[in-house]
Amino acid sequence: MEQHPVSAEIAATAARLVVEEGLEYGPAKRRAVKQLGLGKHAPLPSNDELEDEVRDYLALFCADTQPQELLALRELAAQWMERLGEFRPHLCGAVWRGTATRLNNIHLQLYCDDSKAAEIALINMSVDYETGETTGPRGEAVQVLSFAAPCRALQESVTIAMTILDYDDQRGALKRDARGRSERGDLAALRKLMLEQAE
């Protein structure tokens, strides 16, 4: 299906914001609409269309830095997934999809029998975290725990945001999207991606 020209323009502008400012897709689309002086009824690109633009932008402007930054973020994600293994962590977002730069957060989803257990684990590790909320898979409010983790390879701290989900939510977690790509992966799947990236 042919992409609407206005939608394509929004996607191109939003992609630049995603890469250069580390914005998530929703806020990037809204800011792009504003920057382009379009009304609130402008035809927004899908997340897939925006992701395609992000990949094009990265290939064009960040080919010499992005692969190393992505690998550094994936290595840090793997370390934390190992530490939090009892909570069945899955990586999602830009670090999983391969479009992350050093400006992106690492997004983990934890599938817990007891939602407080992950908080207790962080306290036991002496991790200083903040709590927030997001919308869960069933439309309900779920807790997000965020903290800054030092990343030696990038020589700076990276925010790790962990969404606390029910153990039962894990059942649909590995469904693939319309293009056959998974939205998230466990530690074994991440290690496989990192091996492929290294080849």
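Q: What is the strand order of the open sheet of 6 strands in this predicted model, and how are the strands paired?
A: The order in this predicted model is 3-4-5-2-1-6, and the pairing is mixed.

Q: What makes strand 3 and strand 6 stand at the edges?
A: Strand 3 (130-135) and strand 6 (184-185) each have a single partner strand, so one side of each is left without a neighbour in the sheet.

Q: How do you know that strand 2 and strand 5 pair, and in which direction do they run?
A: Pairing needs at least two bridges. Strand 2 and strand 5 (residues 156-166) are joined by 7 bridges, so they count as paired, and they run parallel. Among the residues involved, leucine 110 has isoleucine 164 in strand 5 as its bridge partner.

Q: How many bridges join strand 3 to strand 4, and are the two parallel or antiparallel?
A: There are 6 bridges, against the required at least two, so the strands pair. They run antiparallel. Glutamate 133 has glutamine 143 in strand 4 as its bridge partner. The hairpin of strand 3 and strand 4 has 5 residues between the strands, and in this hairpin glycine 139 takes a positive phi near 80 degrees.

Q: Why is strand 3 said to lie largely in the open?
A: Of its 6 residues, the number buried is 0, so strand 3 lies largely in the open.

Q: Which strands does helix 4 lie across?
A: Helix 4 lies across strand 1, strand 2, strand 4 (141-151), strand 5 and strand 6. Helix 4 runs at about 115 degrees to strand 4.

Q: Why is serine 7 called buried?
A: The cut-off for buried is under 20% relative accessible area. Serine 7 has 4%, so the residue is buried. Serine 7 is placed in helix 1. Leaving aside residues up to four places away in sequence, serine 7 touches Pro43, Leu44, Pro45 and Glu49.

Q: What makes glutamate 21 and arginine 31 a salt bridge?
A: The limit is 4 Å between a side-chain nitrogen and a carboxyl oxygen. The closest N and O atoms of glutamate 21 and arginine 31 are 3.1 Å apart, so the pair qualifies. It links distant parts of the chain, with glutamate 21 in helix 1 (residues 5-21) and arginine 31 in helix 2 (residues 25-35), 10 residues apart.

Q: Why do glutamate 21 and arginine 31 count as partly exposed?
A: Partly exposed lies between the 20% and 50% cut-offs. Glutamate 21 has 42% relative accessibility, and arginine 31 has 32%, so both fall in that range.

Q: How do you know that aspartate 113 and arginine 88 form a salt bridge?
A: Their N to O distance is 3.5 Å, which is within 4 Å, so the contact counts. The pair links distant parts of the chain, 25 residues apart: aspartate 113 is in the loop between strand 2 (106-112) and helix 6 (115-124), and arginine 88 is in the loop between helix 4 (66-83) and strand 1 (90-92). Aspartate 113 is exposed at 61%, whereas arginine 88 is partly exposed at 25%.

Q: What separates lysine 116 from glutamate 119 in helix 6?
A: They are 3 residues apart, which means about one helical turn. Their side chains meet in a salt bridge at 3.0 Å, N to O. Lysine 116 is partly exposed at 45%, while glutamate 119 is buried at 11%.

Q: Which residues do salt bridges with shared partners join into one network?
A: The network consists of Glu51, Arg55, Arg97 and Glu183. The whole structure holds 12 salt bridges.

Terms used
Residues numbered from 1 in each chain as written. Predicted model: local features only at pLDDT ≥ 70, side-chain atom pairs only at ≥ 80, totals over all residues. Heavy atoms only, no water. Helix = DSSP H or I, 4+ residues; strand = E, 2+ residues; numbered from the N terminus. Buried < 20%, exposed > 50% of the residue type's maximum accessible area, 1.4 Å probe, protein only. Contact = heavy atoms within 4.5 Å. Axes fitted to C-alpha atoms, helices over the stretch in contact; angles between N-to-C directions.
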